Each structure stands twice: as C-alpha cells, then as structure tokens.
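Here are a few exercises to work through with the model open beside you. Try each one before you read the solution.

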Amino acid sequence: MKASGWAIPAAVVAGVAGVAARDLRQRKHALLRNFPVLGHARYLLEAIGPELRQYVVAGNDEERPFSRDQRRWIYASSKLENNYFGFGTDNDVEHTEGYTIIKHRTFGDTAPPSHTHAGEETPLPSAKVLGAARGRPAAFRPESLVNISAMSFGSLSHTAIEALNRGAALAGCLHNTGEGGLSPYHRNGGELVLQIGTGYFGCRDSRGRFDLQRLKDVVAGAPVRAIEVKLSQGAKPGLGGLLPGAKVTAEIAEIRGIEQGKDCVSPSRHAEFSDVDSLLDWIELIAAETGLPVGIKAAVGVMDFWEDLVAQMGSTGRGVDFVTVDGGEGGTGAAPMIFSDSVSLPFRFGFPRVYAAFARAGLADDVTFVGSGKLGLPDNAVVALALGCDMVNVGREAMLSIGCIQAQKCHTDTCPTGVATQNRWLAHGLDPALKSVRYANYVKTLRRDLLKVSETCGVVHPGLIDAGDIEILFAQRETLSLRELVGYEPGWGGVSEGDRAAITAFMAGAPSGGSRPESPTATG
Ligand SMILES: Cc1cc2nc3c(=O)[nH]c(=O)nc-3n(C[C@H](O)[C@H](O)[C@H](O)COP(=O)(O)O)c2cc1C
Ligand code: SF4
C-alpha cells in the first residue's frame, strides 16, 4: 500500500480514538463511559427505533415491564425534555381489557395551568400526617407523595444510591434504605425511611440477632424519619434473599454487620415475631424506643393476616402507622421466575382488599397507605391514589430516571449502566451529581402531572381524586367505575374531613389555570 493508502484507515482509527476519549471523559451518559464508542449504537437505535420497530420488532406498548412509551416518558421527564406525545394516543383504547379512563369535570373551582412546566416546583405533600393518629413523637407530614422505594446498597451500586439520595434531597422525597442497612451513600442530604428485613442488617449483633441498641444508634446518626418492617415484597413474597459471597465486599460486610466474602442470606421469616400479636408488640417497642412512625411492607396473598391485623389494632390499641402494599408486578434485584410471575396479587387486586379491611373496621383514617408496583407512571399513580393510597413509592422508575435501560441483568452484576452492580468500573460510569438532578426532575414532573390531573378532575390535590372519578373499560363491551369494580362503599378511598381541610388549605398557593377575562355580556 502506498503511503497515502494508509491515510484513510489512520483517519478512521484516530476518529474512533477521539470518540473513545470523549466518551470516557464525559459524565452525562454512564453507558458511554462504560462502553466507549460501542455505546453509541444504543443511542442510534433509540433514535431510529420507532421507525425500525414499526416494521421489524415490537410496538410502543409491547415491551415489559416498562413499555417504550413509558420509558420514553421517564427519560424525557428526567432530562426536562419535551415529554408530550404527538398525534394522539397509540394505545388500543377500543380493545384493551381494563383500560383506565380518568373523568374530568367541565366546571369546577380549580383548573390546571396550561403551561408545560407549571406545577413542577409546587410541593405535593401527603394528605395525612404520618404517625399522628397513634401520637408518635416524631410524627410528620411527608413533603412528597412520591418517594423512593426500598432498594438496598448491595443490589444497587454505591453511585446509584448516592444519586438517589441526593435526588431525594433535591425533590424533597423520602429515600427508603432497603433491607441492606444504612450506608454512607445514604448520607447525602436525603431523608430516610429505614427498612428492617429478616436479616436485621445494620441493626444486628455478631450472631445475627436483632439488636435494639444498634437500631437506636443508627437512627440517631442519620436523618431517619420512619421505620419500615419488611414482611414481604411483591416480586418474591415469602422468599428470603441471598447476596452471593463474591458481592459481599468489605464495605458491604461492615454496613450489614456480616462476614466478608461469605454468602449473605436473608431468611424467609422474621425471628422477632411469629404472628400478628407479637408483630404488634415489636412495632410498639420500636416506636416507643425511637419515637418514629413505624409501618410494614407486604405483598398481598391470603387475607387472614390482614383481617387479624385490623382486628387486633381495633381491639388492643396497638398498631402500625403506615402500610406499604407492594404489587406482585413489582421489581427485584433477583428472584425465581415462578415468584416474580405468579406469587402474590397485582397491586390493583391486592391493595383494595387491604384497604377495605381497614375501612370496614373504621381504621382507614388512622393509617397512611403507601402503594408500589409500577406506580411511578401518572396513570397508575392516579388509580392508586383514588383507591386510597396516600403516597406512592417508585423503584424501577427511579432506576430508569438515573440511566437504567431495562437490560434486565440486575441479577448478574454486569449492569451496563452502573445502576445495579458492585463492579467498581461499571458503577463509576454513573455520575451521582448529574443523575441526582435527573431523578429530581422525574419526580417533579410526575408530581406536576398528578397535580394537573387532579385539577382537571376538579380537586386541588391528587389524594382527593375519588374511585368514582375513574372508569375501567372492558374493550367495547362495558365500563365500570373503579368504585364498583373493587366494591368500595361511599367515602372509601378518600381522607377524613380534617385531612381534606388541611390539605386544601396547604394547596391554596398551587398554580392554577383559569379563563380569559369575562366579556361584558357574560354577567349581563
Ligand atoms: C433492584 C431492586 C432492589 C430491591 N430491593 C428491595 C429491598 O431491599 N426491600 C424491599 O422491600 N423491596 C425491594 N425491592 C422492591 C421495590 O422496593 C418495589 O417494592 C418494587 O420494585 C415495586 O416498585 P416499582 O414497580 O416501582 O419498581 C427492590 C426492587 C429492585 C428493582
Ligand atoms: S441491569 Fe439492566 S435493568 Fe438492571 S439496572 Fe442495569 S440497566 Fe437496569
């Protein structure tokens, strides 16, 4: 080859090297930092994907767990890009079983503002004060009705936890630690819900037994606002967990109070209680010793547990401050397929049964209800709030907002975006400072949409949307109101008169739309 014949290959190599160097230096895209040059293929496919899929692969609503449309909405929201959709819905409204319709009101005291970003900075707190009904000393009104679901350091990387915690601070959210204990990465300004699972990680003694003093020390040393006792999780209820020894680094061993390099087992059941009676004793003990509101998280299977819980709360004066109901469609770092696919009820079936048990006993106003299971999407969140949730927790949607591309390799430690891995190189690709803003943007946009939808329904806060405001379509055969479908009695799913008045007063300054000035003849 002549000297000039080398010019083109040399230019290509230099170009590729230049792109690689730029990819490694930039911080915006974890995927490009971890996979320089190659990672661009994903962005190209993302850009021309709609056209390609139109002819070759899948439609906008076919992918699972999150469809392309749902992910696009989260990605665009987290970057504060245009998250509107053009040309009208591409959902098959006419033929989809169980399609949700929210019913607006033509006239009302409130109207949503038309401007795209209006409402993003508006606080949207819980309509209930957490822990107030049981007089907990540290009762408080959560600032945000959207919060981060339990996901441990261990299943998520240190950079992901830091990004979420910083993002929680920016968005005024609560950040649930997950059952893996409270790590240094949880101490970046965001307020916490400390989760206690069956392994009692971070609050156990050297033999693995629950240690109350260690719990009190942990709580005293961090901005913990509430404690969640994990009974089960929708994606793998009744099954413990295992963090393989290879992932038990010295740091994780220190945080969890376990041995480095050895498999870390979360047993299937708790050792501190074995029935509702002993569970309530334990909850009251923790609440008394820490002063914090204490709740439980569980998926819904056989209803005996809930009926017994409600009965004993009614008759003994002991009780939980909040209940987090996790749907069977919820996520996990790793679980057997049979558990993820088939054990425990989906949120829309499970939650109404639990709520109804409390409502029948007249206890629904005394408990803050939290929902999770793909509720970080506006339409699902509205349904959850109408069913009686006071707050929703977001897990995988939060992961998507900080860069997850739904590669579904969380269980392999090879997460390409550095979200769900302990591999230092991959985790390093995720820049916590940048991704924290992405998470905060996503939550603010979700709250904005919830506020706008509530105003279109004629109420000032999404917690006041009623199960009667929602209709469920069964293809073109029939429709049922959500209230009829789940068998709610009048008033169920709402809040007490006192809470309604308080949240209405709180929302007085929220941005609202309206109309042009009246014409002279309008009042004529
Ligand atoms: C990577 C990962 C780790 C999780 N770790 C926990 C955990 O430690 N404790 C827990 O109660 N739930 C855990 N979950 C479940 C979530 O908290 C949440 O309940 C579930 O994913 C449903 O919410 P989503 O649909 O918004 O993801 C985890 C989920 C994921 C995806
Ligand atoms: S492995 Fe895939 S699904 Fe799991 S966090 Fe990483 S990008 Fe997301």
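**Exercise 1.** How do the residues of the shell around ligand 2 divide into nonpolar, polar and charged?

*Solution.* A word on conventions comes before the steps. This is a predicted model, in which local features need pLDDT of at least 70 and side-chain atom pairs count only at pLDDT 80 or more, while totals for chains, interfaces and linings use all residues. Residues are numbered from 1 along each chain as its sequence is written, chains are lettered from A and ligands numbered from 1 in the order in which they are written, and side-chain values use heavy atoms, with hydrogens and water left out.

Step 1: collect the residues with a heavy atom within 4 Å of the ligand. Those surrounding ligand 2 include Met399, Cys404, Cys410 and Cys415.

Step 2: sort them, with Ala, Val, Leu, Ile, Met, Phe, Trp, Tyr, Cys and Pro as nonpolar, Asp, Glu, Lys and Arg as charged, and the others, Gly among them, as polar. The shell has eight nonpolar, three polar and one charged residue.

**Exercise 2.** Describe the surroundings of ligand 1.

*Solution.* Step 1: find the residues that come nearest. Among the 25 residues around ligand 1, these are Ala150, Lys297, Lys374, Arg396 and Glu397.

Step 2: look for polar contacts (pairs of N or O atoms within 3.5 Å). A side-chain N or O atom of Glu397 is 2.4 Å from an oxygen atom of ligand 1, and a backbone N or O atom of Ala150 lies 2.6 Å from an oxygen of the ligand. For Gln233, a polar side-chain atom sits 3.1 Å from a nitrogen atom of ligand 1.

Step 3: check the cover. On its own, ligand 1 has 610 Å² of accessible area (Shrake-Rupley method, 1.4 Å probe), and the protein covers 98% of that 610 Å².

Step 4: classify the shell. Ligand 1 has five nonpolar, 13 polar and seven charged residues around it. Helix H13 (residues 396-401) gives the most, with three residues; helices are DSSP runs of H or I with at least four residues, and strands are E runs of at least two.

**Exercise 3.** At what angle do helices H12 and H15 pack?

*Solution.* Step 1: take the axes as lines fitted to C-alpha atoms over the stretch in contact, with angles from 0 to 180 degrees between N-to-C directions. H12 (residues 378-386) and H15 (residues 432-456) pack at about 60 degrees, with their axes 10 Å apart.

Step 2: name the arrangement. H12 is therefore oblique to H15, since angles under 35 degrees count as roughly parallel, over 145 as roughly antiparallel, 65 to 115 as roughly perpendicular and the rest as oblique.

Terms used
A polar contact is a pair of N or O atoms within 3.5 Å; within protein, one must be able to donate a hydrogen and the other to accept it, and residues adjacent in sequence count only if both atoms are side-chain atoms.
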